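This report describes the fold of a single protein chain, from its overall dimensions to individual residues. Please consult the sequence and the coordinates alongside the text.

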Amino acid sequence: MQFIHYGLLFCMIRASVSGLSASSATPSRQRVVVSGAGGQTGQLLFRKMLALPEEFDPVGLVRSEESKAALIMAGGIPESAVAVVDVTDTAAVKKFTEDRGSCSTFCICTSAKPKPNGVMDEATGRPLFGFPNGIPENVDWLGQKNQIDACSKDAHVLICSSMGGTDPDHPLNMLGRTTNSDGTISGGNILKWKRKAEMYLIDSGKKYTIVHPGGLIDEAGGERELVLGVDDSMEGTDSRTVPREDVAEIMLQALRHPDLYSNKSFDLRAKPVDGENVSPTTDFRTLVESLNGKNTDYSLGEVL
């Protein structure tokens with residue numbers, strides 16, 4: 001288990017340089033909702049905002065009272081900034097947003113989480129996975145749809161998604177998927193459900209930023225050169241991974257600079273740390289401009 005020294009993280013965040021001119025910064029304090037705040041990436045984003053109280057007024061959503069207690073016990077998070085909301089419960093999500101009042105930004109960091117189900121695949125000898133806390137259809141499609149629907153028309157909605165959406169046979173889609181006796185398929189397909197939610201957000205007409213991280217790693221952020229792309233391209237680096245903290249930082253920068261990151265859907269990876277040949281990304285304007293106007297092509301891949 002990896003432990004994070006949050007006091008040190010807060011100091012690093014406050015001392016960090018955005019790499020963008022002050023003229024492009026959002027001038028007013030933003031009221032932000034971060035769902036999935038009890039998860040690894042969502043928690044990093046939530047804590048980054050809490051460390052910048054002059055810019056953000058965040059509230060984190062967690063799935064259960066146990067998740068809320070664990071988040072508060074980890075330190076640095078006031079109880080008043082955390083709410084227990086099951087995002088798969090349409091009425092609960094709607095009530096939360098109504099009680100919360102005006103909210104300019106909603107960051108969706110919820111995701112179904114696979115775990116070994118205790119059964120071995122006889123053909124491969126590998127463990128089979130299930131989704132004990134919610135299947136992808138409910139969490140990554142209906143749960144995200146509930147959150148999108150609950151946002152006002154002028155809200156900025158951000159989604160932390162995943163690379164791999166152009167490949168219907170991606171290994172992540174196989175997790176929790178079963179073949180029924182009649183030959184039909186049920187369960188799994190997490191990337192297809194995520195992609196359906198992304199398309200729903202875009203079609204809603206609401207302002208969006210969709211980030212498709214590569215393989216998430218629990219290593220320090222701010223130490224690598226970041227690479228943006230679209231459609232699962234490997235252009236720019238052979239690396240398929242990115243630290244969670246760098247994903248959280250990109251989402252934070254999208255909040256700070258919606259003029260640069262609005263209505264964009266892109267992939268995110270990081271070049272490996274290679275001795276002295278390291279050039280960590282600090283200029284997030286140049287980074288997003290490296291897309292050269294490209295956006296995810298949703299005619300690729302499959303949805304359900």
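## Terms of burial and overall dimensions

A residue is called buried when its relative accessible area is under 20% and exposed when that area is over 50%; partly exposed lies in between. The model discussed here is predicted. Of the 304 residues of the protein chain, 46% count as buried.

The C-alpha trace spans about 60 × 50 × 40 Å along its principal axes. The radius of gyration of the protein chain is 19 Å, which agrees with the value near 19 Å that a compact globule of 304 residues would have. About 14,700 Å² of the protein chain is exposed, and carbon and sulfur atoms supply 52% of this area. Among contacts with a separation of 6 or more, 77% are made by residues 24 or more positions apart.

## The open sheet

The secondary structure of the protein chain comprises ten helices and 14 strands. Eight of the strands form an open sheet with mixed pairing, in the order 3-2-1-4-7-10-14-12. Strand 3 (82–84) and strand 12 (226–229) are the edge strands, each of them pairing on one side only. From one strand to the next, the twist averages 20°.

Strand 1 has partners on both sides in this order. With strand 2 it pairs in the parallel sense over six bridges, and Ser35 stands opposite Leu61 in strand 2. Strand 1 (residues 30–35) is also joined to strand 4 (residues 105–108) by four bridges, and these two strands run parallel. Here Val33 stands opposite Phe106 of strand 4. Strand 2 is largely enclosed by the rest of the structure, because six of its seven residues are buried.

## Helices packed on the sheet

Helix 4 (residues 90–100) lies across strand 1, strand 2 (56–62), strand 3 and strand 4, and it runs at about 160° to strand 2. Helix 7 (residues 190–204) also packs on the sheet, where it touches strand 7 (156–160) and strand 10 (207–213). The direction of helix 7 makes about 160° with that of strand 10.

Helix 2 (residues 40–50) contains Gln43. This glutamine counts as buried, because its relative accessibility is 12% and the limit for burial is under 20%. Gln43 and Gly205 are 162 residues apart along the chain, and their C-alpha atoms are separated by 28 Å.

## The hairpin of strands 5 and 6

Strand 5 (residues 115–120) and strand 6 (residues 127–130) run antiparallel and are joined by three bridges. Pro116 has Phe129 of strand 6 as its bridge partner, while Met120 is matched with Pro127 in strand 6.

The two strands form a hairpin with six residues between them. In the turn, Gly125 has a positive phi of about 75°.

## Positive phi in the loop after strand 12

Most residues other than glycine have a negative phi. Which value does the phi of Asp231 take? It is near 60°, a positive value in a residue other than glycine. Asp232 likewise has a positive phi, near 65°.

Asp231 is placed in the loop between strand 12 and strand 13 (241–243), and Asp232 is found in the loop between strand 12 and strand 13 as well. Asp231 is partly exposed, because its relative accessible area of 26% falls between the limits of 20% and 50%.

## Cysteines

A disulfide is a covalent bond between the sulfur atoms of two cysteines. Two cysteine sulfur atoms are taken as such a pair when they lie within 2.5 Å of each other. By this rule the count for the model is zero disulfides. Cys109 is in no disulfide; the nearest cysteine sulfur, that of Cys160, is 5.2 Å away.

Is Cys109 buried or exposed? Cys109 is buried, because its relative accessible area is 13%. Cys151 is also buried, with a relative accessible area of 10%; both values satisfy the limit of under 20%.

Methods: Residues are numbered from 1 along each chain as its sequence is written. This is a predicted model: local features need pLDDT of at least 70, side-chain atom pairs count only at pLDDT 80 or more; totals for chains, interfaces and linings use all residues. Side-chain values use heavy atoms; hydrogens and water are left out. Buried means under 20% relative accessible area, exposed over 50%, partly exposed in between (1.4 Å probe, protein chains only). Two strands pair if DSSP finds at least two bridges between them. Axes are lines fitted to C-alpha atoms, for helices over the stretch in contact, and angles run from 0 to 180 degrees between N-to-C directions. Contact means heavy atoms within 4.5 Å. The radius of gyration is taken over C-alpha atoms; the globule rule is 2.2 Å times the number of residues to the power 0.38. Accessible areas come from the Shrake-Rupley method with a 1.4 Å probe; for residues, only the protein chains shown count as cover.
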